[in-house]
Amino acid sequence: MLKMLLEMVRLGGVAASVVVSSLAFAQTSEPVLKVGAPQNFQVCDGYGAPNENGDGITKAASGFLGIFIPEPKSGDTGMRGLKVSAYSIEACTDALGNATRLLPQYHVRRASLLRARAIHRFGTGDKKGAQADLDAADIEGGQETDPFYQRSMALGNQLFHAYFALSNGQNERAAVLLRAAAKARPYSGAVQRLANAMLFNAERDADARYAALDRLATLNSNLRPLLMQEAVDRLDWAKVIETRAQIDFTPPKENQVGFLLENYPLVLARLFVDRFRADTLTSFALVASGRDAEGQASLRELEQRLVPLKADLPVGPDGRKPRRELRDAHRYLQAYRFALEKQLVAARANAELLAQAQRGGLQSVTAAIARGAIPHDGFGLAILRALRDAKAETPEINALEASLRDAKARHDREPITLGIDQLYAAVPSPETRQRIPKYAASKSFWGDTGNGFFLGTDGPIELVGFQGLNTTEAVVEELALLKAAQDTLAAGKERFALVDKDVVGRNTMHGYMGLGRPIASGYSVTLRVIRFGSEGPPRGYEAFAGRAIDAHEVVRALAPVYDVQVAPAES
């Protein structure tokens with residue numbers, strides 16, 4: 001009955017639910033530990049084994065003479081994931097004692113192994129041992145003098161301390177740690193999502209969580225559809241309509257710089273599906289806001305979008321079939337046709353019931369309740385509330401509305417679940433000064449270096465991207481944002497907004513004739529940006545004024561970190 005409310009996803013990315021527990025990982029038969037084996041390092045913390053040429057986590061453990069790719073089972077700075085288990089604890093202990101590979105100067109790697117053992121111990125129920133290992137990781141990492149260690153792995157340790165504090169009921173201490181972590185790296189999407197998700201667990205303030213999601217959506221455009229759904233469930237129709245206008249479904253141009261599109265027509269098809277879903281929500285929000293004519297017009301337009309899906313693509317004037325990739329994308333949409341039509345039918349029914357409730361149509365709503373046609377979510381709550389506001393109510397209707405309100409209130413208090421292994425995968429990867437790419441154009445006389453920024457334009461949209469080899473997602477994300485802020489100020493503007501954001505993890509295949517293994521090779525982040533000053537955003541993008549980012553604040557926060565000199569603004 002309350003399926004939608006009970007299945008609501010709330011805070012995006014890792015912020016779907018953070019219940020802290022020992023996880024009770026299933027105990028299965030484990031292999032026999034091979035003492036001194038290089039694979040024990042990867043079993044422990046997810047990174048390959050170190051050697052005399054690198055620690056495998058901040059510097060690749062390269063092969064012969066330190067100039068060839070890492071040998072199998074050696075670390076290439078890429079994290080392959082970890083499985084929490086008692087066996088993994090043994091692997092960590094063995095790796096920590098492997099003096100041949102784990103050289104004395106490898107403080108970051110030793111700290112990583114200690115932290116990983118803490119995770120395995122926590123996951124298997126040994127909270128005391130987990131806390132001791134995490135404290136030891138802090139001490140070992142404290143010997144690392146690189147300031148980027150503090151912004152990455154040390155900050156990750158702080159998030160784990162907060163996680164452990166929550167598990168022990170120390171909510172106030174956890175809240176202090178989480179606010180400090182969020183303040184330390186305000187432009188890292190992962191840090192902000194993790195900190196805000198766990199902060200909700202500490203304080204259970206649903207309004208603060210909603211406000212946090214709204215803030216996060218400014219720097220993470222992929223969270224805006226989720227914000228729309230949350231706004232529906234809170235009956236915040238103005239936010240639904242506003243946020244829809246801040247989601248740009250305009251596709252990038254084919255082969256556009258910075259966007260890695262393997263199958264461009266399929267990208268268009270997926271955008272079609274996502275846009276359809278967003279517009280069904282908006283049609284109801286328009287009716288709920290008293291803009292019934294606009295809502296009905298939106299529903300009619302949605303119906304017209306589905307008409308081409310009823311038949312295959314026509315042949316061209318020359319009698320030839322469309323390109324294969326176009327036909328594949330159309331078939332993809334045709335496969336979704338039934339689901340999209342079902343969405344449209346539900347949207348129409350909900351909008352009609354809402355309109356009748358607003359007019360005091362008690363009989364129609366009562367009949368809908370009898371046949372189970374009132375959705376048990378924000379839509380249903382809005383219909384029942386509209387009927388009450390129209391002074392047309394019954395004890396049965398009031399009871400149903402009360403049950404929906406109570407279910408939502410209970411749901412809003414539920415903690416957000418986040419497994420400790422999920423937290424490990426999301427915290428910042430270790431960073432060092434040597435892993436920071438040069439802040440310069442990626443294009444050079446010899447071609448694309450794979451490091452640095454790339455720029456382009458698409459009408460009023462500025463394309464600002466940054467790519468980095470052998471670096472972390474958080475670094476590339478921040479450098480792209482810094483470049484966007486720097487160019488905004490150089491153009492004489494003060495603010496910019498992210499229309500879209502694309503993050504790609506890169507791998508390089510090493511081998512022969514298609515056979516080999518992938519080696520982690522950094523990240524690429526592309527931002528689609530609009531710049532503006534006191535005059536506001538360019539025409540057609542007025543809604544993005546509500547997603548403005550202060551370019552001065554970004555520069556003040558990030559330029560000193562990356563030693564970037566910002567040129568004075570154009571006169």
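How much area does the chain expose, and what share of it do carbon and sulfur atoms supply? The exposed area comes to about 26100 Å², and carbon and sulfur atoms supply 54% of it; accessible areas come from the Shrake-Rupley method with a 1.4 Å probe, and for residues only the protein chains shown count as cover. The model is a predicted one, in which local features need pLDDT of at least 70 and side-chain atom pairs count only at pLDDT 80 or more, while totals for chains, interfaces and linings use all residues. Residues are numbered from 1 along each chain as its sequence is written, and side-chain values use heavy atoms, with hydrogens and water left out.

The chain holds 21 helices and 9 strands, taken as DSSP runs numbered from the N terminus (helices H or I, at least four residues; strands E, at least two). Of its 571 residues, 52% count as buried, where buried means under 20% relative accessible area, exposed over 50%, and partly exposed in between (1.4 Å probe, protein chains only). Among contacts (heavy atoms within 4.5 Å) with a separation of 6 or more, 70% are between residues 24 or more positions apart.

Helix 14 (residues 292–306) offers a clear case of a helix with two faces. Its 15 residues should span 21 Å at 1.5 Å a residue, which agrees with the 22 Å between its end C-alpha atoms; the expected span is 1.5 Å times one less than the number of residues. The buried residues of helix 14 are Gly295, Ser298, Leu299, Leu302, Arg305 and Leu306. They cover an arc of only 115 degrees around the axis, which puts them on the same side of helix 14; the arc is that of the directions from the helix axis to the C-beta atoms. An α-helix has 3.6 residues a turn, so residues three or four places apart point the same way. The buried residues of helix 14 pack against helix 13 (264–288) and helix 15, whereas Ala293, Arg300 and Gln304 are exposed on the face turned away from the buried side.

Helix 15 (residues 324–358) includes Gln356, a buried residue with a relative accessible area of 19%. The side chain of Gln356 makes a polar contact of 2.8 Å with that of Glu352. Such a contact is a pair of N or O atoms within 3.5 Å; within protein, one must be able to donate a hydrogen and the other to accept it, and residues adjacent in sequence count only if both atoms are side-chain atoms. Beyond neighbours within four places in sequence, Gln356 is in contact with Gly361 and Ser364.

Attention now turns to charged pairs. The whole structure contains 36 salt bridges, each a side-chain nitrogen of Lys or Arg within 4 Å of a carboxyl oxygen of Asp or Glu. One of them joins the side chains of Arg209 and Glu230 at 2.5 Å, N to O. This pair links distant parts of the chain, with Arg209 in helix 10 (residues 206–219) and Glu230 in helix 11 (residues 224–233), 21 residues apart. Arg209 is buried at 3% relative accessibility, and Glu230 is buried at 2%.

Another salt bridge is formed by Lys501 and Glu477, whose closest N and O atoms are 2.6 Å apart. Here Lys501 in strand 7 (residues 495–512) is linked to Glu477 in helix 20 (residues 473–490), 24 residues apart. Both partners are buried, Lys501 with a relative accessible area of 17% and Glu477 with 10%.

Lys493 and Glu535 also form a salt bridge, with the closest N and O atoms 3.1 Å apart. Lys493 lies in the loop between helix 20 and strand 7, and Glu535 in the loop between strand 8 (515–532) and strand 9 (549–550), so the pair ties together parts 42 residues apart in sequence. Lys493 is partly exposed at 27%, and Glu535 is exposed at 52%. Elsewhere, Arg244, Arg275, Asp279, Glu301 and Arg305 are joined into one network by salt bridges that share partners.

A further set of contacts involves Arg151 and Tyr562. Arg151 lies in helix 6 (residues 147–151) and is buried, with a relative accessible area of 16%. A polar contact of 3.2 Å joins its side chain to that of Glu478. Tyr562 lies in the segment after helix 21 (551–558) and is buried at 7%. Leaving out residues up to four places away in sequence, Tyr562 touches residues including Phe148, Arg185, Ile436 and Glu478. The C-alpha atoms of Tyr562 and Tyr439 are 8.2 Å apart, although 123 residues separate the two along the chain.
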